[in-house]
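Thanks for making the time. I have one structure to go through, and I will take it region by region.

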Amino acid sequence: MIVTARPVWTGVLSFGLVSVPIGMYTATDSHTLHFHQLQRGTSDRIRNRRVNERTGKEVDLDDIVKGFDTGEEYVLVEPSELDEIAPGRSKALEISGFVDLDEIDPVFFDRTYYLGPKGQEYAKVYGLLEQALARTNRAGIATFVMRGREYLVAIKSEDGLLTLHTLHWADEIRDPRKEVPDLPEASRTKAGAKETKMAEQLVTALGMRWDPEEFHDTYQEKVAALIRAKQAGETVEKAELPAEATSVVDLTEALRASVERARSGGKATGKRARRGRVTDSSLESLSKAELYKKAASAGIRGRSGMTRDQLAEALTRTAEAA
């Protein structure tokens, strides 16, 4: 039995005098592992409850209304009142106009949804808009209300179907010059011609084809592995420490080594510098787990708390001492 997804919103999409009933469907899933809150030392769940702060008694959801604090008093608003003032009774998605996709800065994009026609009889109108957007490389800009909130959206054509992307409002985008400290000033931090050329070579050498299937959430995998290990009474390896910042003095050498490594497929030739030490190139291709096994065989102390780089350096020192 095939279970079809339920739309998170239904309404009418219109452009000009043409309209088509649509359903909006979630385009992405979250694979974040969710934990319950427990009291330390017990298996007792900790739960959040809706409690009247004056009486201390729990309140039913039906008895809760929204209140806006004006400073002197609360203005009470019922959920039905919010629905009544929503544009089009929350059921209209009217395209105001069409813009070139390249004009929309990526910082404006938020969440993505799929749009589908509500019935085969509307497939032709739906397909007409999808093909027009695909051929013109444009997006329809519209606003609509969902769950008591108005959204600015861009409607695009992607792989033969219409997608809806919620956008941030202009006043929600922060000015990076005000938010981010220590941004470089071009006149003071202009790199030398040699460094710039090497940086461009590194960018070119690390060029790749965008394939999202090649990437996966390794952190969630490690969290799952931690849970399995603790369940079995085992321990897990600690993660590597973050890379140390590159100093201005070492910048040229770091760029040169990076370009060399990228061009050789990720392995540096001979021996190469790493954090001021020299490591054996034969260890470069080994994973942290493989280095850890070698360190265990060599009897290196403190290996359980070492990063991958530290394991490689310790193995190199041990080999040189032998």
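By class, the second largest pocket is lined by six nonpolar, two polar and five charged residues. Keep in mind throughout that this is a predicted model. The space in that pocket comes to about 360 Å³. It has 13 lining residues, and those closest to the centre are Val51, Asn52, Glu53, Val65 and Tyr74. Two strands, S3 (66-69) and S4 (74-77), are the elements that each give two or more residues to this lining.

Next, the salt bridges. How many does the structure hold? There are four. I will start with the helical case.

Arg256 and Glu260 pair through their side chains, with N to O at 2.7 Å. Both sit in helix H7, which covers residues 251-263, and they are four residues apart, about one turn of the helix. Which residues make up the network here? Glu253, Arg256 and Glu260 are joined into one network by salt bridges that share partners. As for accessibility, Arg256 has a relative accessible area of 36%, so it is partly exposed. Glu260, at 25%, is also in the partly exposed class, because that class runs from 20% to 50%.

The second case is Arg174 with Glu179, a salt bridge with N to O at 3.7 Å. Are the two partners buried or exposed? Arg174 counts as exposed, because its relative accessibility is 63% and the cut-off is over 50%. Glu179 stands at 44%, so it counts as partly exposed.

The third case is Lys156 with Glu158, where the closest N and O atoms are 3.3 Å apart. Here Lys156 is buried, because its relative accessible area of 16% falls under the 20% limit. Glu158 has 28% relative accessibility and therefore counts as partly exposed.

Last, the surface. Which residues form the nonpolar patch? They are Leu33, Phe35 and Ile227, and together they have about 290 Å² of accessible area. Ile227 belongs to helix H6, residues 218-231. Why can Ile227 be part of a patch? Its relative accessible area is 38%, which makes it partly exposed, and patch residues need over 30%, so Ile227 passes that cut-off.

To recap, I have covered a pocket of about 360 Å³, three of the four salt bridges as pairs, and a nonpolar patch that includes Ile227 from helix H6. I will stop there and take questions.

Conventions. Residues numbered from 1 in each chain as written. Predicted model: local features only at pLDDT ≥ 70, side-chain atom pairs only at ≥ 80, totals over all residues. Heavy atoms only, no water. Patch = residues over 30% accessible without salt bridge, like charges linked within 9 Å, V, L, I, M, F, W, Y side chains within 5 Å. Areas by Shrake-Rupley, 256 points an atom, 1.4 Å probe, with all protein chains shown as cover. Buried < 20%, exposed > 50% of the residue type's maximum accessible area, 1.4 Å probe, protein only. 1 Å grid on protein atoms, 1.4 Å probe; cavity = no way out; pocket = protein on both sides within 12 Å on 5 of 7 lines; lining within 4 Å. Points joined across faces, edges and corners; volume = space filled by probe spheres on them. Nonpolar A, V, L, I, M, F, W, Y, C, P; charged D, E, K, R; others polar.
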